[in-house]
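Take a look at the chain shown below. Then work through this short report with the structure open beside you.

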Amino acid sequence: MSKQLTYEEAEALVVSEDPEHPANLISELCREFYKLGWVTGTGGGISIRQGEHVYLAPSGVQKERIKPEHIFVLPFAQSSVPKPGSKRDFLRIPSKKGLSESQCTPLFWNAFTMRSAGACIHTHSQHAVMLTLLHPRDAQSFKISHQEMIKGVRIGGVGKTLSFFNTLEIPIIDNTAVEEDLTESMAAAMEKYPDAPAILVRRHGVYVWGNTWEQAKTQSECLDYLFEIAVKMLLAKLPLVGDN
């Protein structure tokens, strides 16, 4: 169980003039992701792990208006591994009324525990959603090769970058009515596809992780580009794999 902090100690976790501080970064990144259409309608989110602390964007709020004081802070060492319906340990809970912990929390923890990631980004990118819809209903993954932007994606999201000639494969899992109920299927897909840098959720969006927030952001951008070009290729009846 985490140490009980005083009010002053808890508030100090999200107060910093350093633009690289997780609380400041999450607020800034959410604004940028909103402009890209990734986190509109209060959807999507981001979590950054810094040492033994995990910073989490709140749920159900206008992501472009998030401020550092709206950020939740959790200890990475939880009393029990976060899962659907489980109680989480918190170091700081925002005082603003109406803010709630993200339902993405246990899914972010998949990235932290299974890939030792330092950040995880969840978007409702239309390119990601459309890509899952253009794949057969029973398709378990998306594959693409011979695209320059593949070189910005890492093996397993945290390893070496792929080359132009490598085939990128990302699993596709079915959506659920409640976000945190995706936890087990996401974990199973991560086990089955250890080299995948992300998880596509049919009719929903994508989860992307990286060693750092910079790598997670870079890969999110590269993958979104690849999702968009893949949609156009499929509509044009062009093969996604190979250089034909």
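Is Phe90 buried, exposed or partly exposed? Phe90 is partly exposed, because its relative accessible area is 24%, and buried would mean under 20%. Keep in mind that this is a predicted model.

## Overall build

The protein chain holds 6 helices and 8 strands. Along the sequence they follow the pattern α-α-β-β-β-α-β-α-β-β-α-β-β-α. Two helices therefore open this pattern, and a helix closes it.

How does the size fit a compact globule? A compact globule of 244 residues would have a radius of gyration near 18 Å. The protein chain has 18 Å, so the two agree. The C-alpha trace spans about 60 × 35 × 30 Å along its principal axes.

## Inside and outside

Of the 244 residues, 50% count as buried. The protein chain exposes about 11600 Å². Carbon and sulfur atoms supply 52% of that area.

Now look at contacts between residues with a separation of 6 or more. Residues 24 or more positions apart account for 66% of them.

## Charges

Count the charged side chains: 25 are positive and 28 are negative. Where do the two sets lie? Their centres are 4 Å apart.

## Aromatic pairs

How many aromatic pairs are there? The count comes to 7. One of them joins Phe33 and Trp38. Their ring centres lie 5.2 Å apart, and the planes meet at 40 degrees, a tilted arrangement. Both Phe33 and Trp38 are buried.

Phe72 and Phe90 form another tilted pair. Here the centres are 5.8 Å apart and the planes stand at 55 degrees. Why does this pair count as tilted? Stacked needs planes under 30 degrees apart and edge-to-face needs over 60, so 55 degrees falls in the remaining class.

## What the Phe72 pair connects

Phe72 lies in strand S3, residues 72–75. Phe90 sits in the loop between S3 and helix H3, which covers 105–114. The pair therefore ties together parts that are 18 residues apart in sequence.

The partners also have their own exposure classes. Phe72 has 3% relative accessibility, so Phe72 counts as buried. Phe90, at 24%, is partly exposed.

## An aromatic cluster

Which residues form one aromatic cluster? They are Phe76, Trp109 and Phe112. Find these three rings in the structure.

Key
Residues are numbered from 1 along each chain as its sequence is written. This is a predicted model: local features need pLDDT of at least 70, side-chain atom pairs count only at pLDDT 80 or more; totals for chains, interfaces and linings use all residues. Side-chain values use heavy atoms; hydrogens and water are left out. Helices (H or I, at least four residues) and strands (E, at least two) are DSSP runs, numbered from the N terminus. The radius of gyration is taken over C-alpha atoms; the globule rule is 2.2 Å times the number of residues to the power 0.38. Buried means under 20% relative accessible area, exposed over 50%, partly exposed in between (1.4 Å probe, protein chains only). Contact means heavy atoms within 4.5 Å. Accessible areas come from the Shrake-Rupley method with a 1.4 Å probe; for residues, only the protein chains shown count as cover. Lys and Arg count as positive and Asp and Glu as negative; His and the chain ends are not counted. The place of a charge is taken as NZ of Lys, CZ of Arg, CG of Asp or CD of Glu. Rings of Phe, Tyr and Trp (its six-membered ring) pair if their centres lie within 6.5 Å; planes under 30 degrees apart count as stacked, over 60 as edge-to-face and the rest as tilted.
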